[in-house]
Amino acid sequence: MTILVTGGAGFIGSGFVRLLIAESADRVVNLDKLTYAGNLESLASVDANPRYRFVRGDICDHALVDALVAEERPDAIVHFAAESHVDRSILSPEPVVETNVRGTFVLLEAARRRGVARFLHVSTDEVYGSLAAPLEATEEFPLNPSSPYSASKAGSDLLARAYFTTYRLPVVITRASNNYGPYQFPEKLIPLMIANALDNQPLPVYGDGQQVRDWLYVEDHCRGILAALRKGRDGEIYNIGGNRSLPNLNVVRKVLAATGKPESLIQFVTDRPGHDRRYALSSEKLMRETGWRPAMDFETGLASTIDWYRANSAWVARVRSGEYRAYYERNYGGRAVVSYEL
Ligand code: NAD
Ligand code: TYD
């Protein structure tokens, strides 16, 4: 098969490309714009492989996308490319809507016109919005997004479904929980806390830190997407969760314990506007239909992630220079420090 991957230079997309090259006979074409979040260093291990091709380009570029799909005639498109960070979507919503909604539309159109046999849209559990315990979203739950990021992902998720319902484009949608692991840009909770802890910098916890997320190791997510790609049914949605729900403060404390740093580094700061309190989902459908299971337990995954960040300090230093500093100041500079009893 030839698989067109979008956003393959990002955190999860690069893991998926490395997995395909290592464990399948498929050809992989990676279309990525290389925004601040795209990093070809993450693909050094596959770069010279004859089954791998990189194309730099924007998924919003109709002419480029259509020509690439016509040229490569992919058997499947696996669509990761997105502006993926809630805080950035709050600071600058425009590129989020543009890439996540319009970019997805452009890809769906090219897939429809060229008769692509499978379109896997990578969505998120954030489309379900905040759920009170003990609810766990199944695929039939209503969409109730809160942030510009999750609303744009819900928009693209619904558009992908509409292309199945209306045009019978063979779409499969996956909705995953929060990922962590090597190569993640240090703007998201776990890599930011690891990078700051290793650097003896304050760990900024939003609000009271009791917001709950379900943590999924990135390789488990990639294997879940592969299972849905190969065995999923047309028009179906599959949740992919890590089966490990934790309040943020517990995650931060685990990072400090595993890095041997003091809890005095924790700094409670002004909460995120519209902050979803709790995400939770059931992956029962994907498990039942494909046999997939999340394999990594959180403590082991966190330890190996910390090892990776320690061993790749040059990678971290490079991505944290330049644009990252400006973002960090914009997002954290104006937040008040709040005191909570630990
Ligand atoms: P990421 O931010 O690390 O990577 C995004 C990639 O997309 C980058 O390589 C970037 O250069 C590329 N990109 C951005 N805009 C583009 C455009 N207009 N054209 C072409 N390429 C573009 O993101 P990630 O964390 O790897 O997430 C990948 C996908 O998984 C996203 O669709 C995200 O919504 C979804 N998802 C992420 C998580 C998570 O915890 N990170 C959880 C569930 C779902
Ligand atoms: P994040 O990794 O941005 O993922 P998402 O918002 O998509 O779930 O954030 C995970 C949780 O961690 C979320 O509840 C916000 C919180 N958080 C902090 O408390 N401090 C931070 O500096 C960041 C980046 C996140």
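Biologist: Which residues are the closest to ligand 1, and how many surround it?
Modeller: This is a predicted model. In it, 29 residues surround ligand 1. The closest are Ile12, Asp32, Ser84, Tyr149 and Lys153.

Biologist: What is the make-up of that shell by class?
Modeller: Sort the residues into three classes. The shell around ligand 1 has 12 nonpolar, 12 polar and 5 charged residues.

Biologist: Which polar contacts does ligand 1 make?
Modeller: Look for N or O pairs within 3.5 Å. Lys153 puts a side-chain N or O atom 2.7 Å from an oxygen atom of ligand 1. The backbone takes part too: an N or O atom of Ile12 lies 2.8 Å from a ligand 1 oxygen, and one of Phe11 lies 3.0 Å from a ligand 1 oxygen.

Biologist: How much of ligand 1 does the protein bury?
Modeller: Start from the ligand alone. Ligand 1 then exposes 840 Å², and the protein buries 97% of that. Among the elements giving two or more residues to its shell are helix H1 (11-23) and helix H5 (148-167). The largest share, 3 residues, comes from S5.

Biologist: Now ligand 2. Which residues are the closest there?
Modeller: Ligand 2 has 20 residues around it, and the closest are Glu126, Arg213, Arg272, His275 and Tyr332. Two of these names return as polar contacts. A polar side-chain atom of Arg272 is 2.5 Å from an oxygen atom of ligand 2. For a side-chain N or O atom of Arg213, the distance to a ligand 2 oxygen is 2.7 Å.

Biologist: What share of ligand 2 is covered?
Modeller: The protein covers 98% of the 510 Å² that ligand 2 has accessible on its own. Helix H3 (86-91), helix H6 (189-198) and strand S8 (203-206) each give two or more residues to the shell.

Note on methods:
Residues numbered from 1 in each chain as written. Chains lettered and ligands numbered in written order. Predicted model: local features only at pLDDT ≥ 70, side-chain atom pairs only at ≥ 80, totals over all residues. Heavy atoms only, no water. Near = heavy atom within 4 Å. Polar contact = N/O pair within 3.5 Å; in protein donor to acceptor, adjacent residues only side chain to side chain. Areas by Shrake-Rupley, 256 points an atom, 1.4 Å probe, with all protein chains shown as cover. Helix = DSSP H or I, 4+ residues; strand = E, 2+ residues; numbered from the N terminus. Nonpolar A, V, L, I, M, F, W, Y, C, P; charged D, E, K, R; others polar.
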